[in-house]
Amino acid sequence: MSSRALRRLKGEQRAQAALNALKLTDEDEEEQMKSDETAHKQKNISNIFELIGEADVDVSVSDEETAERLIDRKQEGAPLEKDAVKDEKSNKKKKKKKKKTLAEIGRDDLSVGDDIDAFLETLEKKKGMSYQSADHIATENRPVLYVEHRNLNPETELKRYFGARAVLGDQRSKQRQRQFHRCTWMTIFKDTWPRFSRPGISMSLVESKDGIQHFTFEHNRDYQQVQFKFFDAVESMDPNNFVVLLQLNPYHIDSLLQLSDVCRIQEDQETARDLIERALYSFECAFHPVFSLTSGTCRLDYRRPENRAFYLVLFKHMTFLEKRGCPRTALEYCKLILSLDPDNDPLCMLLIFDFLCLRCREYTTLIRLYEEWEVHRNLSQLPNFSFSVALSYYHLSQQEDISPVENQQLKQKSNVLLQNALIMFPGALMPLLDLCTVQPDAVVSSHAFFGPSSQIGQPPALSELVSLYVGRCHSLWKEAGLMLWLEENVRKVLKRVDLHDPYLEDCQNKRKQRYQSAPRNIHRHVLMSEIKEATATLPLEVTTQPGMGFDPLPPLDSIVSYIRPERQNMGASNESTLSLFFRSLLPNFNLQLCQFCIFILMKQLTTVPTFTCLCSPSFLSLLQSD
């Protein structure tokens, strides 16, 4: 509750208490007037039991008058009831107690109004503790990769930060005018998008085995023809061809991906993000009725080209969300991508999972994944998990709602994990301090364990992983408290090195035996992340390959469902050197059609500095303009 709402509530309660006090005063005066009138009327009434039976009349007579009347009643021979006296006295007591209770309530309201802020804070804390305990119990019972529908919408996170009014704006007034569109979880159809019609993508169930459903996307014949045109546009190396293709097919996935990369390179982030959201909407409309985003039992084979585009769209959308300031939503998409193929992890989402958890302060989620997957995935051998899990324990130890004993245990755990990470990956310290603009101590920089030899002697695969972690997560270490904690543990590590701790030799043997060559999914992740520190460490067999934004480093064992027909090159077998020269200048050059153009060129070669083929579209457009 905001401070304005608390002040308003406080003022309303104080005003209500004042009104209650005034009301009590008015009631006392009215009752006094009624009692006087009743006493005046009682002089002409002989039956006292008629007065007792009336509930609305306040009988306020003395005990002497009551005794005299009872004697008179006895002398007249009327029946005398003892309960009458008791009822009269009980009514008097009830009146007094009622007045006293109302007065006490008024005083209590005033006291609560004076301390309304503390009262509401206590109430909110009680509710917050109950909600947190309920959420904690529910989270423990769910799988670690459980995806929540509401967390897939970035507006949920933005509303938590800025409020619903700031996020929605005037959208509520336009909801009645909005046309009906299919309800989706990941994106919402925008009025600025073209009219949606199914582009030719569908999803089918391949098999269901041991509670796991395997799905795949499929392209119909029309979509395959558009895909062939897209390949021609890629070979032309002209981004305008993608625009033309999207004008005819506004929901073609690969064209949206490629044009989004072009807009991002041109620093048009808004358009690039909008194109990715449009592709995501097209995919969601093609989902199979059984396909679920939250169950964690649905699989998509990355070896199929039709499925790769869905992986890439989710990854790029996650990247845009993280840059937009929605790390909690980005973490949910990271879980979703990882749940589609957790065994193979084609985009190697484990290399970014820890970063997103630390960004949105989901420390328990990171620790839980580390503890559950360490046995069969050996996550401690990844530099990002070794450092990030230690950092998570440190942040948990800094919380105020834990006991001193628990605080000491968490701090000790974080120290042990950080020291092990520094011993296992000594080449990460100096680059991390360099990017954090921290000058290391002379003792640390001059020591051989953390010196230049620790970086030069690393295997290529390990250098790639360390550079990726340092380039992505160095901003998380730019805190004074973290640097002091890091410095303390670095000094402890140096003491262990000087004492020849056996753990150092064990880590050295692991570095030599492992990290000889990185798998293909790590290279693919580095290419898509575009972190310059990690991209510089890629091997030559990766950097020399022609890379396509719509399919970076495709798997070597791809499952191809349809093949692009070969293009017919007329006269390509008997082309001369001159024709090959013209084809390099003019992609539309044809020897049989452009013989007259060659004649013109040879005649005017000395006078014409530039030449345009008469059969090319640019020349035809020039003729039309003339």
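In this predicted model, the side chain of E148 makes a polar contact with the side chain of R150, at 3.1 Å. E148 is found in the loop that runs between α5 (116-141) and α6 (154-162), and, leaving aside residues up to four places away in sequence, E148 touches R142 and E332. With a relative accessible area of 17%, E148 counts as buried, because the limit for that class is under 20%.

**The chain as a whole**

- The protein chain is built with 30 helices and three strands, and of its 626 residues 42% count as buried.
- The surface that the protein chain exposes comes to about 37,300 Å², of which carbon and sulfur atoms supply 53%.
- When contacts in the protein chain between residues at least 6 apart in sequence are considered, 70% of them join residues at least 24 apart.

**Confidence of the prediction**

- The average pLDDT of the protein chain is 77, and 66% of the residues score at least 70.
- Over residues 73-86 the pLDDT stays under 50, and for this stretch the model has ten contacts beyond four places in sequence.
- Residues 92-114 likewise have a pLDDT below 50, and the model gives this stretch 17 contacts beyond near neighbours in sequence.
- Where pLDDT is low, the predicted coordinates should not be read in detail.

**A salt bridge between E277 and K190**

- The structure holds 22 salt bridges, and one of them is formed by the side chains of E277 and K190, with 2.8 Å from N to O.
- This pair links distant parts of the chain, since E277 belongs to helix α12 (residues 269-285) while K190 sits in the loop between α8 (171-174) and β1 (201-209), and the two residues are 87 residues apart.
- The two partners fall into separate accessibility classes: E277 is buried, with a relative accessible area of 9%, whereas K190, at 26% relative accessibility, counts as partly exposed.

**Salt bridges around R491**

- The side chain of R491 meets that of D441 in a salt bridge, with 3.7 Å from N to O.
- R491 lies in helix α23 (residues 480-498) and D441 in the loop between α19 (429-435) and α20 (442-446), so this salt bridge ties together parts of the chain that are 50 residues apart in sequence.
- R491 also takes part in a salt bridge with E487, where the N to O distance is 3.3 Å, and here both residues lie in helix α23, four residues apart, which is about one turn of the helix.
- Each of these three residues is partly exposed, with relative accessible areas of 35% for R491, 33% for D441 and 38% for E487.

**A network of salt bridges**

- Salt bridges that share partners also join D261, R264, K316 and E530 into one network.
- As general background to these pairs, side chains of opposite charge can pair when their charged atoms come close.

Notes
Residues are numbered from 1 along each chain as its sequence is written. This is a predicted model: local features need pLDDT of at least 70, side-chain atom pairs count only at pLDDT 80 or more; totals for chains, interfaces and linings use all residues. Side-chain values use heavy atoms; hydrogens and water are left out. pLDDT is the predictor's confidence in each residue, from 0 to 100. Contact means heavy atoms within 4.5 Å. A salt bridge is a side-chain nitrogen of Lys or Arg within 4 Å of a carboxyl oxygen of Asp or Glu. Buried means under 20% relative accessible area, exposed over 50%, partly exposed in between (1.4 Å probe, protein chains only). A polar contact is a pair of N or O atoms within 3.5 Å; within protein, one must be able to donate a hydrogen and the other to accept it, and residues adjacent in sequence count only if both atoms are side-chain atoms. Accessible areas come from the Shrake-Rupley method with a 1.4 Å probe; for residues, only the protein chains shown count as cover.
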